[in-house]
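User: I am new to reading protein models, and I would like to work through this one step by step. Please explain each term when it comes up.

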Amino acid sequence: MFVLLLACTDTDSGAVATLEPTATLDSESETALTASWTTDTPADAVIEYGGDDAYGKTVTGWSSEDGLQHMVVLAGLAAGFEWHWRAVSTGAEVEVSEDQLFLPTRAPAEIPELTVSGAFDGLVLAPLLGGGTFVAMYDGEGRVSWWRKVSDEQVTLSQARLSLDGRSVLAMGDDPAQEGPEVALLSYPVAGGDATVTPLGVAHHDFIELAEGGYATIQFDIRPYEGQDVQGDALVTVDGEGAITTVWSTWDERQPGNLDQYPIVEGVGPNWTHMNSLALHEGVYWLSSYQLQCLFLVDAGTRRLVGQVGGADGNVLLNGSDGFGPQHTPIPTEDGFLLFNNRPLDAMPLWSEAVEFTLDMGKREFARRSSYDAGRSVFTAAYGNVEPLPGGGQFIAWGSAGRLTVLDGDGAATWEAATPLGSAFGFAHPIAELSGVP
Amino acid sequence: MVILACTDGSATDSAEAEAPPVVIDDADNYALTLDLAVEPLAIAELADNIVSWGDLTTDIRGDTMSALDVGGIDIWWLQALDPLAVLDAIEGGTLVQGDIALDAFGRAPPDKSSVHLNDLVSFWGKFEPEQYLIGGTGTWLLLLSNDAEEPVSFQLLTPVPGGVGEIGFRNDRPALSMVADLDAGAAAVVPHGATPTFDWAALTVDGRGAPVVADGFDQLTVARFDLDAASLQADFAQLESLAVESWSMSVKGETSAASEGLQNEDGAAFTGITADGTWLLWLGCRSCLSFAPPIVVRLALSGAP
């Protein structure tokens with residue numbers, strides 16, 4: 001008697017099904033899977049995945065230096081749906097695993113799904129307003145694919161970003177170690193695990209992760225002026241331990257002037273600058289002042305203002321008649337900047353727009369190049385952001401109006417998404433891929 | 001002896017045959033005529049008006065309530081909608097967040113039945129009616145809800161110079177009338193002892209004949225009533241409160257659901273319908289502002305007369 005054992009083959013590719021990955025889910029939302037396996041010979045780490053066992057998509061993960069240990073994170077797949085995946089390692093030969101199933105757990109009912117039209121082959125990272133304090137990732141069909149609860153309280157969650165290494169979702173929320181208004185930068189590993197907390201003090205609205213480590217953010221800078229406290233703002237950097245360094249304050253090179261023109265912050269005083277977003281581009285910080293309707297450009301090295309775009313004291317002037325008013329999130333581009341123009345409350349009817357400007361610092365002028373206003377059908381009272389998409393086009397988040405729009409390279413809307421009543425977005429961002437290296 | 005142990009990588013079929021789904025389509029749905037009537041209240045623009053509801057003893061559906069049952073207060077500026085358009089949108093459950101140009105919200109203080117508008121907050125911070133309560137275009141909607149976030153009552157407001165400084169809620173405003181015909185649709189048949197899958201992918205219109213998207217509902221409910229269909233129709237505005245038993249589940253983004261996932265308020269699972277009473281299934285949108293489910297279907301036990 002003899003026993004003939006035949007190893008299984010995948011009839012589609014002819015590869016040998018010898019890999020035996022182990023899979024662990026994140027405990028927070030059960031929407032991210034980490035697959036681990038080993039090979040006997042050096043190889044790479046890839047997962048093929050899709051709605052059925054024809055897969056259709058691949059993602060590359062991490063392999064050890066000797067090429068024998070492999071890990072891949074699979075995340076960003078619509079929760080509540082069954083996904084097929086298999087491990088693939090290519091070295092001297094191609095090895096695969098058996099077909100595996102992944103069912104990301106459905107999100108809590110408090111996290112809304114979006115109503116969509118059109119097509120978008122990407123993800124959207126959104127801090128949610130209303131219905132609970134969550135940060136969520138949506139797919140192009142408006143389905144929740146990853147989420148974290150930021151707070152049990154209903155707090156303002158204005159900004160969430162993917163970390164520079166793509167492995168964590170960063171959100172600005174209440175500092176759990178403080179009872180006052182202090183906030184912290186919460187870093188949630190995509191693959192699961194406890195959040196890292198970096199105190200940000202009295203920061204607000206926005207932050208960016210710095211390539212050298214740490215973060216830059218905006219803090220309230222309240223000082224006495226003409227007999228009362230006046231709320232300005234400061235640009236600060238925060239290192240990994242929470243040590244705060246002031247880079248520039250609006251008080252350094254500007255003065256409030258007539259205080260009667262500013263709204264009053266209860267318990268504080270006149271709200272002079274109301275900075276609400278920042279960017280860093282080629283060594284220059286771009287700071288948006290909603291109240292002064294201008295952009296401050298601050299050199300990160302000299303910590304001095306190198307230009308003020310728009311506003312009453314601006315020295316980079318509008319070429320033309322169509323500038324911007326109260327606004328959010330300037331995004332520097334090759335020859336200008338994108339900006340979400342909320343527009344003032346005294347211009348009826350109210351509507352908002354995403355605008356692209358050219359900028360010539362040599363001539364000290366900026367000019368409107370193009371804009372998108374959804375037929376003047378949407379007004380965003382709070383937040384709003386626009387950013388370029390790789391390969392052309394723009395992504396627009398309409399903030400408190402609870403809408404998202406993707407424009408193609410010709411400025412036509414190709415995808416729209418909307419929240420249900422009572423839900424809206426802070427600053428939302430398109431994300432190409434959430435899966436990959438753990 | 002040869003041992004082969006291969007799979008083709010595809011999902012294997014279940015060894016057990018599953019009961020066919022109970023299909024819900026337009027022909028099964030009830031017919032509904034719903035009408036909301038309320039005159040907009042002219043309030044003082046750019047002013048910190050008072051909102052009071054101490055006189056409320058019945059909610060908009062006619063259910064008895066206490067003023068202290070009010071939990072939430074929301075105010076929305078629907079800039080592009082006149083009052084009639086707002087009422088149409090509420091009747092159809094079609095208001096979306098993008099319709100709201102400015103909004104603010106707050107919680108009712110404990111043991112109190114009034115708030116000031118500047119007690120409310122917006123997504124950006126404190127709502128300042130002296131700056132934001134703008135008149136001249138569109139309609140403001142002030143909504144009261146209970147702790148379960150169900151609408152209790154609402155008012156339409158038009159801020160004008162010299163308008164009143166208090167928004168007082170009364171039992172008779174707004175007026176809601178609903179005429180439901182539960183026999184307009186055929187009953188969906190459920191096998192005895194079964195907890196079937198309900199499949200509503202074929203739905204295209206609601207009870208009012210307005211278009212719907214089959215995956216646009218977020219809650220499925222099955223309920224038993226001791227009243228017959230005619231009696232339920234007479235008190236249709238109180239439908240949910242008339243149920244003797246009910247089971248619900250979230251179905252957001254879905255077009256079908258396994259009914260074994262339905263649970264009552266104690267967490268007990270649905271075990272199938274019986275020959276006792278009247279059984280209804282309805283699909284709704286909990287995040288929508290509406291006063292009647294868009295889809296209501298009678299359920300009949302197979303073999304029942």
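Analyst: Domain bounds here come from an automatic or database domain assignment. The model is predicted, so local features need pLDDT of at least 70 and side-chain atom pairs count only at pLDDT 80 or more, while totals for chains, interfaces and linings use all residues. Residues are numbered from 1 along each chain as its sequence is written, chains are lettered from A and ligands numbered from 1 in the order in which they are written, and side-chain values use heavy atoms, with hydrogens and water left out.

User: What distance separates the centres of domain 1 and domain 2 of chain A?

Analyst: The assignment for chain A gives domain 1 as 16-102 and domain 2 as 115-431. Contact means heavy atoms within 4.5 Å, and 15 residues of domain 1 of chain A are in contact with 14 residues of domain 2 of chain A. Taken over C-alpha atoms, the separation of the two domain centres is 36 Å.

User: Is Gly142(A) buried or exposed?

Analyst: Helices (H or I, at least four residues) and strands (E, at least two) are DSSP runs, numbered from the N terminus, and Gly142(A) is found in the loop between strand 14 (133-139) and strand 15 (144-151) of chain A. Not counting residues up to four places away in sequence, Gly142(A) touches Glu113(A), Leu114(A) and Val116(A), and its C-alpha atom is 6.9 Å from that of Ala417(A), 275 residues apart along the chain. Buried means under 20% relative accessible area, exposed over 50%, and partly exposed in between, with a 1.4 Å probe and protein chains only. Because its relative accessibility is 1%, Gly142(A) counts as buried.

User: What is the relative accessible area of Ser163(A)?

Analyst: Ser163(A) is found in the loop between strand 16 (160-162) and strand 17 (168-174) of chain A. Leaving aside its neighbours within four places in sequence, Ser163(A) is in contact with Ser168(A), Leu170(A) and Glu209(A). Ser163(A) is classed as buried, and its relative accessible area is 8%.

User: Which residue in strand 14 of chain B stands opposite Leu32(B)?

Analyst: Two strands pair if DSSP finds at least two bridges between them, and strand 3 (residues 31-37) of chain B pairs with strand 14 of chain B in the antiparallel sense over seven bridges. Along strand 14 (residues 175-181) the side chains alternate, with Leu176(B), Met178(B) and Ala180(B) pointing to one face and buried, while Ala175(B), Ser177(B), Val179(B) and Asp181(B) point to the other and are not. The residue of strand 14 that stands opposite Leu32(B) is Ala180(B).

User: Which are the edge strands of the open sheet with the order 2-16-19 in chain B?

Analyst: This open sheet of chain B has three strands and mixed pairing. The edge strands each pair on one side only, and they are strand 2 (22-23) and strand 19 (256-258) of chain B.

User: Which residue in strand 16 of chain B stands opposite Val22(B)?

Analyst: Strand 2 of chain B and strand 16 (residues 197-199) of chain B run parallel and are joined by two bridges. Opposite Val22(B) in strand 16 of chain B stands Phe198(B).

User: Which residue follows helix 1 of chain B?

Analyst: In helix 1 (residues 83-92) of chain B, the buried residues are Val86(B), Leu87(B), Ala89(B), Ile90(B) and Glu91(B). What covers them includes strand 3, strand 6 (70-78), strand 11 (139-146) and strand 12 (151-160) of chain B. The residue that follows the helix has a positive phi, near 65°, and is Gly93(B).
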